[in-house]
Amino acid sequence: MAFSEIVKVTGTPTLSTNNNWGSLSYVEGSGTNVLTFSTTIPQNASGNLSITGLNGTVKDLAGKSLVGSGVTASNLCSLNTSYAYHITYDLAGGSVATANPTTYTYETATFSLNNPTKLGYNFTGWTGSNGNTPQTTVSIAYHSHGDKYYTANWDPHTYSVRFHANDGTGTAATGTMDDQDFTYGVAQNLTANAFERTGYTFAGWNTQADGNGTSYTDQQSVSNLTPENGATFNLYAQWTANQYTVTLDQQIGSGGTTSVTATFDAAMPDITIPTSLRPR
């Protein structure tokens, strides 16, 4: 509000209004000829805004108080119920099955926001125009006003990886491995293999015991193995049987097999028996 001379304010004066616009509270301007007042428009406000009086102490430089009933102003603004306010959203990587409105008016009926989803995350609520504490239920009430903004907040799912020795038949594996905890969206290296199996070489991990799933190397950096919260993701050790050479000493014989390549835990390959050269 502008005055014809410099004024000074004591305390927090207010301005009275008409048409249920409420009371306007002093904000700043003491020592100038322009005082700023503010208010939140009540839901039952209507028509034009007019100032009907001053409550509190405002004096000119001579120390003379302004008379409250003499401080008036007419038709400062009007309430446009068809004006479209904007609503903006930051889904932070999420998506909404049914889109939320991007505008509303003073006469829009009360509505609630549709909550988003995000693979591997739990929606903890909206923040923004509703405050800094996430809320999973947010509504814009009838006779609301002003632009709105909302940000989706998320907590990542957690899961564990379980390591299986997967020694099947043959020589059993030794050693143990604890489950490894993971957080969705965070990469980390798989725990180094701690299983051992005599006669075999560790060949990595697989999501299936028979090796027909997805393969991972020892200590590979992985992430997002499963989006399911609290799930256990199984990895099975893969083993390659060692091969070795068996040398056959024919002594005084000839024509037979002199060496074969054998595989651990497997039957010996067929060989050709040598012919003896010893006199009968």
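How much accessible surface does the protein chain have, and what share of this surface belongs to carbon and sulfur atoms? In this predicted model, the accessible surface of the protein chain comes to about 16,200 Å², and carbon and sulfur atoms account for 47% of it. Of the 280 residues in the chain, 31% are buried.

The secondary structure consists of 24 strands, with zero helices in the protein chain. The overall dimensions can be described in two ways. When the C-alpha atoms are enclosed in a box taken along the principal axes, that box is roughly 145 × 40 × 25 Å. The radius of gyration of the protein chain is 40 Å, whereas a compact globule of 280 residues would have a value near 19 Å. Among the contacts with a separation of 6 or more, 59% are made between residues that stand 24 or more positions apart. As for charge, the chain carries 9 positive and 18 negative charges, and the mean positions of these two groups are 6 Å apart.

Aromatic side chains were examined next. A pair of aromatic rings is described by the distance of the centres and the angle of the planes. A search of the whole structure finds 14 such aromatic pairs. In one of them, the ring centres of Tyr85 and Tyr104 are 5.4 Å apart and the planes meet at 35 degrees, so the pair is classed as tilted, given that planes under 30 degrees apart count as stacked and those over 60 as edge-to-face. Because Tyr85 belongs to strand β7 (residues 85-90) and Tyr104 to strand β8 (residues 103-104), this pair ties together parts of the chain that are 19 residues apart in sequence. Both members of the pair are buried, since residues under 20% relative accessible area are counted in that class: Tyr85 has a relative accessibility of 16%, and Tyr104 has a relative accessible area of 2%.

A further aromatic pair, formed by Phe202 and Trp239, is edge-to-face, with 5.7 Å from centre to centre and 70 degrees between the planes. Here too distant parts of the chain are linked, as Phe202 is in strand β17 (residues 200-206) and Trp239 is in strand β20 (residues 232-241), 37 residues apart. Trp239 counts as buried, at 15% relative accessibility. Aromatic residues also gather in a cluster, which is formed by Tyr89, Phe123, Trp126, Tyr150 and Trp154.

Two individual residues illustrate how positions separated in sequence are arranged in space. Thr103 lies in strand β8 and, at 37% relative accessibility, counts as partly exposed. When residues up to four places away in sequence are not counted, Thr103 touches Ala84, Tyr85, His86 and Ile87; Tyr85 is also the residue whose ring pairs with that of Tyr104. The C-alpha atoms of Thr103 and Asp147 are 8.4 Å apart in space, although these residues are 44 residues apart in sequence.

The second example, His164, is placed in strand β14 (residues 158-164) and is partly exposed, with a relative accessible area of 25%. Leaving aside neighbours within four places in sequence, His164 is in contact with Phe195, Trp205, Asn234, Leu235, Tyr236 and Ala237. From His164 to Gln238, the separation is 74 residues in sequence and 9.5 Å in space, taken from C-alpha to C-alpha.

Conventions. Residues numbered from 1 in each chain as written. Predicted model: local features only at pLDDT ≥ 70, side-chain atom pairs only at ≥ 80, totals over all residues. Heavy atoms only, no water. Helix = DSSP H or I, 4+ residues; strand = E, 2+ residues; numbered from the N terminus. Rg over C-alpha atoms; globule rule 2.2 N^0.38 Å. Buried < 20%, exposed > 50% of the residue type's maximum accessible area, 1.4 Å probe, protein only. Contact = heavy atoms within 4.5 Å. Areas by Shrake-Rupley, 256 points an atom, 1.4 Å probe, with all protein chains shown as cover. Lys, Arg positive; Asp, Glu negative; His and termini not counted. Charge placed at Lys NZ, Arg CZ, Asp CG, Glu CD. Phe/Tyr/Trp six-rings, centres within 6.5 Å; stacked < 30°, edge-to-face > 60°.
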